[in-house]
Every structure is written in structure tokens, then in C-alpha cells.
Amino acid sequence: MHVTYACSSCDSAVRHEFDERTTALACPACRHEVALPEGAVSGERVRRCLVCPSHDLYMRKDFPQRLGVLLVAIGVIGSSIAWANANLAWTFGILFATALADLLLFMFVGNALMCYRCGAQYRGVAEMETHGHFNLETHEKYRQIAARTSEMASSRPS
């Protein structure tokens, strides 16, 4: 099992292996340590975020979203060009091919566990589905908290 997160001290990307015996995560760049909360990991299951105090995690496909958007854009642009050239067979062929590629990626790509608050990504974790899928209401709650926190920090006198 491993976690990928942004170090709260130096903001560098950190990937750290862990198990239920791990007591702290250390940033290799700045040596900042994050102590793991008691009971956060049991066996191969993550019960709460190891990086921040959040208990809100969600499961998503472990797939780069930009690549998915690129695949859709290629399908739209390619089929539009075929449509503009009055080639109906190519138009639908391109659309079906990109839809098939998307379906195959969906079927064969694994899942990752994500933290709503800090964005930490967990891979190789068991029982991810117990955390549920992405919930827009929970995401918005954490987005609002982050916005208010940064607003308060910027309005403080230096």
C-alpha cells in the first residue's frame, strides 16, 4: 500500500509506502514528519486520511482525467471533421471507437482512494468501496473550508 500527497511544509510531491505498523510519514525533501493517527490503518484497509485529520475519503478510477478528456476531444473533433466531409460511416466509426476505448479503460483500470480535504491518493488499499464514490456535497464542504481558511490567512495583518 502507498500514499501520494503534497508535503504541508515544502509542497513537494511525496510517495510513501505504509502498512499498519507505520507510525509516521516523512518527506524526503524537507524531512517534515506527519504522525499517523491511531487506528487509521487496519490490515490493508485505510479508515481515515493519514496526512490530514479528515475521515472523508472516496473511491475513484485511478486514471488521469486529462487523458479521458483528451480521448473525448479526439472523438468529437474527429467525428466532426468526418461529418463536415459528409462521411457518415467514419463519423459514427470514430464515435464508437472512442466510446469503446473509454469502456476498455474503465474496465481495466484499477481504483484509487482519495481524500476530499488534502487530495492524498491511496493505492493498493483493500475495501475501498466502503468509503463510497465521489460526493459533490462533501467536496463542496471542503472547498468552502479551504476558501475561507485562505481568505482569513490573506486578510491577517503581517
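**Aromatic pairs in a predicted model**

Modeller: Tyr58, Tyr116, Phe134 and Tyr142 form one aromatic cluster. This is a predicted model, in which local features need pLDDT of at least 70, side-chain atom pairs count only at pLDDT 80 or more, and totals for chains, interfaces and linings use all residues. Residues are numbered from 1 along each chain as its sequence is written, and side-chain values use heavy atoms, with hydrogens and water left out.

Colleague: Thanks! How many aromatic pairs does the structure hold?

Modeller: Rings of Phe, Tyr and Trp (its six-membered ring) pair if their centres lie within 6.5 Å; planes under 30 degrees apart count as stacked, over 60 as edge-to-face and the rest as tilted. By that rule, the number of aromatic pairs in the structure is six.

Colleague: Why is the pair of tyrosine 58 and phenylalanine 134 given the class it has?

Modeller: Happy to explain. The centres of the tyrosine 58 and phenylalanine 134 rings are 5.2 Å apart. Their planes stand at 75 degrees, so the pair is edge-to-face.

Colleague: And is phenylalanine 134 buried, partly exposed or exposed?

Modeller: Buried means under 20% relative accessible area, exposed over 50%, and partly exposed in between (1.4 Å probe, protein chains only). Tyrosine 58 has 11% and is buried. Phenylalanine 134, at 43% relative accessibility, counts as partly exposed.

Colleague: Nice. Which residue lies over the face of phenylalanine 106?

Modeller: A charge sits over a ring if NZ of Lys or CZ of Arg is within 6 Å of the ring centre and within 35 degrees of the ring normal. Here, at 4.6 Å from the ring centre of phenylalanine 106, the residue over the face is lysine 61.
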